[in-house]
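Colleague: Hi! Could you walk me through this one?
Modeller: Sure, let's put it up and chat as we go.

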Amino acid sequence: TITLANATSNGTWSVNNSNATISTSGVLTGSAAGTTTVSYAVTNSDNCTTTVTAVRTINALPILTAISG
């Protein structure tokens, strides 16, 4: 989990696949190993939208053995 930010307010966060989810406040949470493209879109008062994107790698969780002893 990582919190992303953008200096321009009132935008909308999104991801392009099911490898991760992103909240309205920019908290990106991985759900499967792989990559996801994160987008942040802002629409101005003239109804023009600008979108920026970034690819993020989602790492698999380590597999742990049971604690013994």
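Colleague: Let me just pick a residue: does Asn10 count as buried or exposed?
Modeller: Asn10 counts as exposed, because its relative accessibility is 74%. For these words, buried means under 20% relative accessible area, exposed over 50%, and partly exposed in between, with a 1.4 Å probe and protein chains only. Before we go on: this is a predicted model, where local features need pLDDT of at least 70, side-chain atom pairs count only at pLDDT 80 or more, and totals for chains, interfaces and linings use all residues. Residues are numbered from 1 along each chain as its sequence is written, and side-chain values use heavy atoms, with hydrogens and water left out.

Colleague: Thanks! Where does Asn10 lie?
Modeller: Asn10 is in the loop between S1 and S2. Strands (E, at least two residues) and helices (H or I, at least four) are DSSP runs, numbered from the N terminus. Asn10 is not a glycine, yet it has a positive phi of about 65°.

Colleague: And what about Asn47, buried or exposed?
Modeller: Asn47 counts as exposed, at 64% relative accessibility. You'll find Asn47 in the loop between S5 and S6, and it too has a positive phi of about 65° without being a glycine.

Colleague: How many bridges join S5 to S6?
Modeller: Ten, and the two strands run antiparallel. Two strands pair if DSSP finds at least two bridges between them. Gly34, for example, stands opposite Ile58 in S6.

Colleague: New topic: which residues make up the largest nonpolar core?
Modeller: There are nine: Leu4, Trp13, Ala20, Ile22, Leu28, Val38, Tyr40, Val42 and Ile58. S5 gives the most to this core, with three residues. A nonpolar core here is a set of buried Ala, Val, Leu, Ile, Met, Phe, Trp, Tyr and Cys residues joined through side-chain atoms within 4.5 Å.

Colleague: Where do nonpolar side chains tend to be in soluble globular proteins?
Modeller: They tend to be buried together.

Colleague: Back to asparagines, then. Is Asn19 buried or exposed?
Modeller: Asn19 counts as buried, because its relative accessibility is 15%. Asn19 lies in the loop between strand S2 (12–15) and S3.

Colleague: What does Asn19 contact?
Modeller: Leaving aside neighbours within four places in sequence, its contacts (heavy atoms within 4.5 Å) include Thr29, Gly30, Gly34, Thr35 and Ile58. A polar atom of the Asn19 side chain lies 2.8 Å from the backbone oxygen of Thr35.

Terms used
Polar contact = N/O pair within 3.5 Å; in protein donor to acceptor, adjacent residues only side chain to side chain.
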